[in-house]
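Reader: Could you take me through this structure, please? I would like to begin with how the strands are arranged.

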Amino acid sequence: DDPVWSAVNWPDKPPSADYRVQCNLPGYLPTDSLVAWYPFNGNAIDESGNGNNGTVNYGGVSGTDRLGNTNSSLVSIANDMDVGCGSDPSLQIKGDLTFSLWAKPSQFDSSQVLISIAGVGELEQHNYLYYLQWWGNGNLAYFHEYGAGIDKYEIFNTGLSLGSWHHIAIVRDDAAKTVSCYINGLLNATN
């Protein structure tokens, strides 16, 4: 069993406890601020209509999602599998941000990145980095830049288990300079 991902990303909205992966854009997604939605239905096409299509790199293959739907997730057959989504300005979210994903880990390796969007360069206008990765024993590490260098670094002690599906949502409140982590629809912590 290798890590499996199915994801949705949108800024400025809290996560939904009744999230479902579907092939059509679900009515509950806030389309007024939706940046990208990847149901991974056999590919990494952005189904939001915003054109932030991805390319699966380094050994990702279609898999079965948590509901038993085939071709509805990505399975990593190599630890360095990623989906490259380019650097469109719509992905360069500097303000409030919510992203969520479903993950079924087979191991917790701190080299396994779940979501990563990064700017080029250390000038403040380039810093729109947001990054989520496993951090040993089922914990999550979140990074974000507000200026030059990493300005927000949080470890969330989630206690996630191997071999089970988990819904993970990160909510960044830019004005309050806080980051909240939700696990399976419940608030884990706000830092």
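Author: Certainly; please note that this is a predicted model. Strands β9 and β10 run antiparallel and are joined by 5 bridges.

Reader: Which residue does Q133 stand opposite in β10?

Author: Q133 faces A141 there.

Reader: And how many residues lie between the strands in the hairpin of β9 and β10?

Author: The hairpin has 5 residues between its strands, and G136 adopts a positive phi near 60° in it.

Reader: In what sense do β8 and β9 pair?

Author: They pair in the antiparallel sense, over 4 bridges. S116, for instance, has Y131 of β9 as its bridge partner.

Reader: Why is β9 described as largely enclosed by the rest of the structure?

Author: Because 4 of its 5 residues are buried, and buried means under 20% relative accessible area.

Reader: Let us turn to the interior. How many residues has the largest nonpolar core?

Author: That core has 29 residues, and those with the most contacts inside it include F99, Y130 and L132. Several strands each supply at least two of its residues, among them β2 (36-38), β9 (130-134) and β12 (166-173).

Reader: Which strand gives the most to this core?

Author: β7 does, with 4 residues.

Reader: A change of topic: how many salt bridges does the structure hold?

Author: It holds 1 salt bridge. K177 forms it with D174, and the closest N and O atoms are 3.6 Å apart.

Reader: Are K177 and D174 buried or partly exposed?

Author: K177 is partly exposed, at 41% relative accessible area. D174 also counts as partly exposed, at 22% relative accessibility.

Technical notes
Residues are numbered from 1 along each chain as its sequence is written. This is a predicted model: local features need pLDDT of at least 70, side-chain atom pairs count only at pLDDT 80 or more; totals for chains, interfaces and linings use all residues. Side-chain values use heavy atoms; hydrogens and water are left out. A salt bridge is a side-chain nitrogen of Lys or Arg within 4 Å of a carboxyl oxygen of Asp or Glu. Buried means under 20% relative accessible area, exposed over 50%, partly exposed in between (1.4 Å probe, protein chains only). A nonpolar core is a set of buried Ala, Val, Leu, Ile, Met, Phe, Trp, Tyr and Cys residues joined through side-chain atoms within 4.5 Å. Two strands pair if DSSP finds at least two bridges between them.
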